[in-house]
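Subject: Structure handover

Hi,

Here is the structure I promised to pass on to you. Have a look at it first, and then read on for what turned up in it.

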Amino acid sequence: SSDVCSSDLSNRPTSPSKRSPCCARHVQLQMGVTRRFNADGTRFEPPPAVGEGSVVYLSGQRLMKSVKRSGSGGFPGPGDEVSVHYVGTLEDGTVFDSSRRRRKPFKFTLGQGAVIEGWDLAVESMQAGEMVELTCAPEFAYGPAGAPPAIPPNATLSFEIELLDFHSLSIGEIVLKNGGYLLLLLAAVFGLLHYVVLPHGALPH
């Protein structure tokens, strides 16, 4: 089955709201050393490790996580590719999607709108190895539209999420993931050069 959490099935009626301040952090992996920096270049100091049994309010009671197992690794940042296992349930306990059933971790790029907003905000707050029970109110999930037939309108969803691993994408990986956009950009630049910069649109020989 398809990953219900992916944005192409979300039918979200509105674009994501303003991101939380922790989105400013960026994680770089270099020679096995995790280095964390804020967007302005200053060093990012990660929050204290959250212990098992702790409840963290990411946006009041509308988006909160209960820590089932604390992590011991670094924190991912926007643009990192993360790998997770998850089980999604409705309020009545019905499982609507599960990567564990497929026996295959789900990977996505964090902070790019590839998943529902509640996921982006929650996963960036997790350490590698952490497992949480995440509760998402409709505005952080699929909203009034839902994601038929699995998810009804205005549904509050629960997810068990385990952050398995993450890494910063290399230039080569970015090119592979965004090859089509880069080709269009190159074509646009070439067209501008051909028709605007060079006289009469002639290329030099």
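Eight salt bridges come out of a search of the whole structure, which is a predicted model. One of them joins the side chains of Lys68 and Glu133, with N and O 4.0 Å apart. That pair connects distant parts of the chain: Lys68 sits in strand β4 (residues 63-69) and Glu133 in strand β8 (residues 131-136), 65 residues apart. Lys68 counts as partly exposed, because its relative accessibility is 37% and the partly exposed class runs between 20% and 50%. Glu133 falls into the partly exposed class too, at 26% relative accessibility.

Lys68 also meets the side chain of Glu160 in a salt bridge, here at 2.7 Å from N to O. Since Glu160 lies in strand β9 and Lys68 in strand β4, this pair ties together parts that are 92 residues apart in sequence. Glu160 counts as buried, at 17% relative accessibility. Stepping back, salt bridges link Lys68, Arg69, Arg100, Glu133, Glu160 and Glu162 into a network.

Another salt bridge to look at is the one between Asp97 and Arg102, whose closest N and O atoms are 2.7 Å apart. Are its two partners buried or exposed, or partly exposed? Asp97 is buried, because its relative accessibility of 4% is under the 20% limit. Arg102, with a relative accessible area of 26%, is partly exposed.

Now to the aromatic side chains. The count of aromatic pairs comes to seven. In one of them, the ring centres of Tyr86 and Phe106 are 5.8 Å apart and the planes stand at 70°; that angle is over 60 degrees, so the pair is edge-to-face. Tyr86 belongs to strand β5 (residues 80-89) and Phe106 to strand β7 (residues 106-109), so this pair, too, links distant parts of the chain, 20 residues apart. Tyr86 and Phe106 are both buried.

Phe96 and Phe159 make another edge-to-face pair, because their planes are at 85°, with the centres 5.7 Å apart. Phe96 is in strand β6 (residues 95-98) and Phe159 in strand β9 (residues 157-168), so the two rings tie together parts that are 63 residues apart in sequence. Phe96 is buried, with a relative accessible area of 13%. Phe159 is buried as well, and its relative accessible area is 0%. Ring pairs join Tyr86, Phe96, Phe106, Phe108, Trp119 and Phe159 into a cluster.

That leaves the nonpolar side chains. Which residues have the most contacts inside the largest nonpolar core? This core has 32 residues, and the ones with the most contacts inside it are Phe108, Trp119, Leu134, Leu157, Phe159 and Ile161. Two or more residues each come from β4, β5, β7, α2 (117-123), β8 and β9. Strand β9 gives the most to this core, namely five residues.

Leu134 is a good residue to click on if you want to see this core from the inside. Apart from neighbours within four places in sequence, Leu134 is in contact with residues including Leu58, Leu63, Met64, Trp119 and Ala122. Among its other contacts are Leu157, Phe159 and Ile161. Phe159 therefore appears twice in this account: in the ring cluster, through its edge-to-face pair with Phe96, and among the residues with the most contacts inside the core.

Have fun exploring, and write back with any questions.

Best wishes

Note on methods. Residues numbered from 1 in each chain as written. Predicted model: local features only at pLDDT ≥ 70, side-chain atom pairs only at ≥ 80, totals over all residues. Heavy atoms only, no water. Phe/Tyr/Trp six-rings, centres within 6.5 Å; stacked < 30°, edge-to-face > 60°. Helix = DSSP H or I, 4+ residues; strand = E, 2+ residues; numbered from the N terminus. Buried < 20%, exposed > 50% of the residue type's maximum accessible area, 1.4 Å probe, protein only. Core = buried A, V, L, I, M, F, W, Y, C linked by side-chain atoms within 4.5 Å. Contact = heavy atoms within 4.5 Å.
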